[in-house]
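Q: I have a new model open and I'd like to learn how to read it. Could you walk me through it, feature by feature?

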Amino acid sequence: MSFLRRQTVLAALVANAVRPPRGRRAGLPAFFAGMLVSETAPQVLALTALDVATHVTRGRRAGVRAKAGLALAGASALGLARMVQQSRKVADELEEALVEGLGVDYVEQLDQVPDPADLATPWRRLARPFDFADEGVRVIRNVAYSDAGRRGALDIYLPAGEDAIKDAPVLLQVHGGAWTVGDKEHQGRPLMNQMAAKGWVCVAINYRLSPRDPWPAHIVDVKRAIAWIKANIAELGGDPDYLAITGGSAGGHLTALAALTPGDPEFQPGFEDADTSVQAAVPFYGIYDFAGSTGLTNAIGMRDAFLGPRVMQTTWQDAPDVYEAASPILRITADAPDFFVIHGELDTLVAVDQARLFAAELRRTSKKSVVLAELPGTQHAFDVFHSIRSGHTVRAVDRYLTWHWNTWRHGLEADSGVEPEEMSDAG
């Protein structure tokens with residue numbers, strides 16, 4: 001491919017990442033073309049500079065095609081530099097969201113107040129963005145929590161070493177993939193490694209997928225996994241009384257719905273009496289409106305064009321109650337747990353308006369804390385590998401979960417009269 005053609009393709013990709021087109025038909029290709037470029041902007045910028053340097057040193061500066069290619073490369077470089085800057089600013093956006101939702105004194109409940117090094121851009125991670133190996137973490141793979149074969153298996157992430165842990169906080173990761181694809185090993189790895197290395201027990205699950213298994217198989221499996229964790233995690237050092245849940249996209253939807261429907265018999269067939277409550281939920285770019293109740297074009301289009309034929313396997317007109325029961329925004333009560341809602345402002349698959357309206361309804365109805373972080377310049381699925389933005393987000397979620405765990409266990413201490421040093425220091 002010629003220099004001009006390479007730069008033309010790159011310029012188109014950068015333009016899409018900076019200002020992606022909206023709409024049901026354009027949203028999916030805009031996501032696939034934009035997310036990878038925006039999250040690897042530093043690497044792409046370096047390769048662009050190398051391509052230009054190589055082209056120029058070969059004496060190919062003259063001619064209309066050469067000048068056009070150089071002009072496109074310059075425009076792309078500006079766009080890429082802007083993306084890098086936006087990614088770095090996410091650290092401030094996340095911290096402001098935490099302060100707004102929890103109060104400026106939330107850092108007093110952290111194990112230590114973050115210093116500038118903790119908030120710095122994680123440049124070293126960018127050299128190997130898809131390398132999830134971590135010497136501080138060991139993994140127990142493919143533990144069965146149901147009889148659904150591989151779709152009923154989970155992985156457990158533990159701190160490395162021989163030292164036994166006890167009463168450690170537990171984090172459940174639910175993968176995304178439009179309720180039709182996805183695997184426990186391919187999402188949430190940066191966050192699970194971060195938390196497991198700090199002493200948490202992290203659990204990543206598979207669940208049954210459509211179209212083979214229609215709704216509500218997905219949420220039933222998440223509930224079954226929660227019940228399994230409560231019954232078994234103590235043997236691995238986890239505290240069965242403390243469980244936070246997280247996930248992205250479809251996993252964000254399942255995270256929110258599970259958090260809002262503890263003990264719902266409709267989603268717990270055969271294990272209706274099991275405790276499926278969670279203490280905190282951190283949904284990433286989730287879908288909160290299955291029924292189209294918000295009136296958002298994005299929600300209604302997804303409901304009719306995808307959810308109905310592929311996931312629910314019934315139409316909204318024929319079974320509105322099924323869609324409403326599956327909509328987190330319609331399941332919010334005063335007893336909802338604490339939420340940290342994270343969404344990208346440039347998400348072309350799930351409009352950020354869904355997150356805004358969901359967080360607003362939580363704040364109106366719930367008695368617990370609500371944090372909403374809208375990340376500028378951010379597409380869907382931005383956190384699946386190491387990047388500037390995902391690094392800052394993982395560390396912000398780490399701070400949130402640490403705050404929540406410490407607040408929760410100190411509350412138990414206050415209620416029971418137990419002195420802090422008598423409690424476990426996991427996390």
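Q: Let's start with strand pairing. Which residue is the bridge partner of Leu171 in β4?
A: Look across from one strand to its neighbour and match residues up. Here the model is a predicted one, and Leu171 is matched with Cys202 of β4. That match belongs to the pairing of β3 (residues 168-174) with β4 (residues 201-205), which has 5 bridges.

Q: In which sense do β3 and β4 pair, parallel or antiparallel?
A: For any pair, follow each strand's direction along the chain. For β3 and β4, the sense is parallel.

Q: Now zoom out to the sheet. In what order do the strands lie?
A: The trick is to walk across the sheet, rather than along the chain. Doing that here gives β1-β2-β4-β3-β5-β6-β7-β8, so to speak a roll call of the 8 strands in an open sheet with mixed pairing.

Q: Why is one side of β1 and of β8 left without a neighbour in the sheet?
A: Check how many partners each one has. β1 (137-144) and β8 (370-375) are at the edges and have a single partner strand each, so one side of each has no neighbour in the sheet. While you're looking across the strands, note the twist too: from one strand to the next, it averages 20°.

Q: How do I read a helix against the sheet? Which strands does α7 lie across?
A: Ask what the helix crosses, then how its direction compares with a strand. Helix α7 (residues 217-232) lies across β1, β2 (153-159), β3, β4 and β5 (238-248), and runs at about 155° to β5. Then there's helix α8 (residues 250-260), which packs on the sheet and touches β3, β5, β6 (280-284) and β7 (338-344). The direction of α8 makes about 140° with that of β5.

Q: What about odd spots in the backbone? Which peptide bonds are cis?
A: Omega is the angle to look at. The bond from Ser210 to Pro211 is cis, with omega near 5°, and the one from Trp215 to Pro216 is cis as well, with omega near 15°. You'll find Pro211 in the loop between β4 and α7, and Pro216 is placed in the loop between β4 and α7 too.

Q: And what does phi look like at Asn142?
A: Keep an eye on the sign of phi and on the residue type. Asn142 has phi near 55°, a positive value in a residue other than glycine. Asn142 sits in strand β1.

Q: Let's try empty space. How many cavities of 30 Å³ or more are there?
A: Count them, then ask what lines the largest. This structure holds 3, and the largest has a volume of about 60 Å³. Its lining includes Gln173, Gln187, Phe284, Tyr285 and Asp383. β5 gives the most to that lining, with 3 residues. By class, the lining has 3 nonpolar, 6 polar and 1 charged residues.

Q: Then the pockets. What is the volume of the largest pocket?
A: Take the volume, then the lining. The largest pocket has about 1,000 Å³, and of its 38 lining residues, Leu28, Met302, Leu349, Val350 and His380 are the closest to the centre. α2 (24-39), α9 (297-312) and α11 (352-365) are the elements that give two or more residues to this lining, and α2 gives the most, with 7. The classes are 18 nonpolar, 13 polar and 7 charged.

Q: Which residues are closest to the centre of the second largest pocket?
A: Same reading steps. The second largest pocket holds about 500 Å³. Of the 21 residues in its lining, Pro122, Arg124, Arg125, Gln194 and His386 are closest to the centre. Two or more residues each come from α6 (189-197) and α12 (388-416). The lining divides into 8 nonpolar, 7 polar and 6 charged residues.

Q: How do I read one residue's surroundings? What does Val52 touch?
A: Skip the residues up to four places away in sequence and see what remains. Val52, in helix α3 (residues 41-57), touches Phe3, Leu70 and Ala73. Its C-alpha atom is 8.8 Å from that of Gly69, 17 residues apart along the chain.

Q: Last one: where is the pLDDT below 50?
A: Begin with the overall score. The protein averages a pLDDT of 93, and 95% of the residues score at least 70. The pLDDT is below 50 over residues 420-427, a stretch with 22 contacts in the model beyond near neighbours in sequence. Where pLDDT is low, the predicted coordinates should not be read in detail.

Note on methods. Residues numbered from 1 in each chain as written. Predicted model: local features only at pLDDT ≥ 70, side-chain atom pairs only at ≥ 80, totals over all residues. Heavy atoms only, no water. Pairing = 2+ DSSP bridges. Axes fitted to C-alpha atoms, helices over the stretch in contact; angles between N-to-C directions. Contact = heavy atoms within 4.5 Å. pLDDT = per-residue confidence, 0-100. 1 Å grid on protein atoms, 1.4 Å probe; cavity = no way out; pocket = protein on both sides within 12 Å on 5 of 7 lines; lining within 4 Å. Points joined across faces, edges and corners; volume = space filled by probe spheres on them. Nonpolar A, V, L, I, M, F, W, Y, C, P; charged D, E, K, R; others polar.
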